[in-house]
Amino acid sequence: MDSPPTILTVGLGTYIADDRFMVEHARHLQNWGLVIKHVQMSDAGTYECQVSTHPTSSIFIDLK
């Protein structure tokens, strides 16, 4: 059984207690990135980046 998704960040705010996760934002490029320091095997899985538009737009990244 899959576990429910965990919200890591919203905007520039980090919602996960693990300080290895952070957001990088290059405002002049309108580029957002999720940074995971010291990646571990347990970090593997599917990550979703969701943009609050109407309708919602998402991209999914598989970390292996």
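What follows is a chat about a predicted model of one protein chain.

Me: Hi! Before I trust any coordinates, what is the mean pLDDT of the chain?

Reply: Hi! The mean pLDDT is 92, and 98% of the residues reach 70 or more.

Me: Nice. Which element has the lowest confidence, and which the highest?

Reply: S1 is lowest, at a mean of 92, while S6 is highest, at 95.

Me: Good to know. How many helices and strands are there?

Reply: The chain has zero helices and six strands. Going along the sequence, the pattern reads β-β-β-β-β-β.

Me: And what does the C-alpha trace span along its principal axes?

Reply: About 35 × 25 × 20 Å.

Me: What share of the residues is buried?

Reply: Buried residues account for 11% of the 64 in the chain.

Me: How about contacts over a long stretch of sequence: what percentage join residues at least 24 apart?

Reply: That comes to 8%, taken among contacts between residues at least 6 apart in sequence.

Me: Let's switch to pockets. How much space lies in the largest pocket?

Reply: The largest pocket holds about 1,300 Å³ of space. It is lined by 29 residues, and those closest to its centre are Leu8, Tyr47, Glu48, Cys49 and Gln50.

Me: Which elements give two or more residues to that lining?

Reply: Four strands do: S1 (9–10), S4 (31–36), S5 (45–51) and S6 (57–63).

Me: Which of them gives the most?

Reply: S5 does, with seven residues in the lining of the largest pocket.

Me: I'm thinking about the chemistry in there. How does the lining split by class?

Reply: The lining of the largest pocket has 17 nonpolar residues, 10 polar ones and two charged ones.

Me: OK, electrostatics next. How many salt bridges are counted?

Reply: The count is two salt bridges. Asp18, Arg20 and Asp43 are linked in a network of them.

Me: How far apart are the closest N and O atoms in the Arg20 and Asp18 salt bridge?

Reply: In that pair they are 3.1 Å apart. For the salt bridge between Asp43 and Arg20, the closest N and O atoms are 2.8 Å apart.

Me: And why does the Asp43 and Arg20 pair tie together parts that are apart in sequence?

Reply: Asp43 sits in the loop between S4 and S5, whereas Arg20 is in the loop between strand S2 (13–14) and strand S3 (21–26), so the pair ties together parts that are 23 residues apart in sequence.

Me: Is Arg20 buried or exposed?

Reply: Arg20 is buried, with a relative accessible area of 10%. The cut-off for buried is under 20%, so Arg20 meets it. Asp43 is buried as well.

Me: What about Asp18, buried or partly exposed?

Reply: Asp18 is partly exposed, with a relative accessible area of 26%.

Me: Back to Arg20. What is it in contact with, leaving aside neighbours within four places in sequence?

Reply: Arg20 is in contact with Val35, Ile36, Lys37, His38, Val39, Gln40 and Asp43.

Me: One more residue then. Where is Tyr15 found?

Reply: Tyr15 is in the loop between S2 and S3, and Arg20 is found in the loop between S2 and S3 too.

Me: Is Tyr15 buried or exposed?

Reply: Tyr15 is exposed, with a relative accessible area of 58%.

Me: And what does Tyr15 touch, not counting residues up to four places away in sequence?

Reply: Tyr15 touches Ile7, Leu8, Thr9 and Val10. Of these, Leu8 is also among the residues closest to the centre of the largest pocket.

Me: Great, thanks!

Methods. Residues numbered from 1 in each chain as written. Predicted model: local features only at pLDDT ≥ 70, side-chain atom pairs only at ≥ 80, totals over all residues. Heavy atoms only, no water. 1 Å grid on protein atoms, 1.4 Å probe; cavity = no way out; pocket = protein on both sides within 12 Å on 5 of 7 lines; lining within 4 Å. Points joined across faces, edges and corners; volume = space filled by probe spheres on them. Nonpolar A, V, L, I, M, F, W, Y, C, P; charged D, E, K, R; others polar. pLDDT = per-residue confidence, 0-100. Salt bridge = Lys/Arg side-chain N within 4 Å of Asp/Glu carboxyl O. Buried < 20%, exposed > 50% of the residue type's maximum accessible area, 1.4 Å probe, protein only. Contact = heavy atoms within 4.5 Å.
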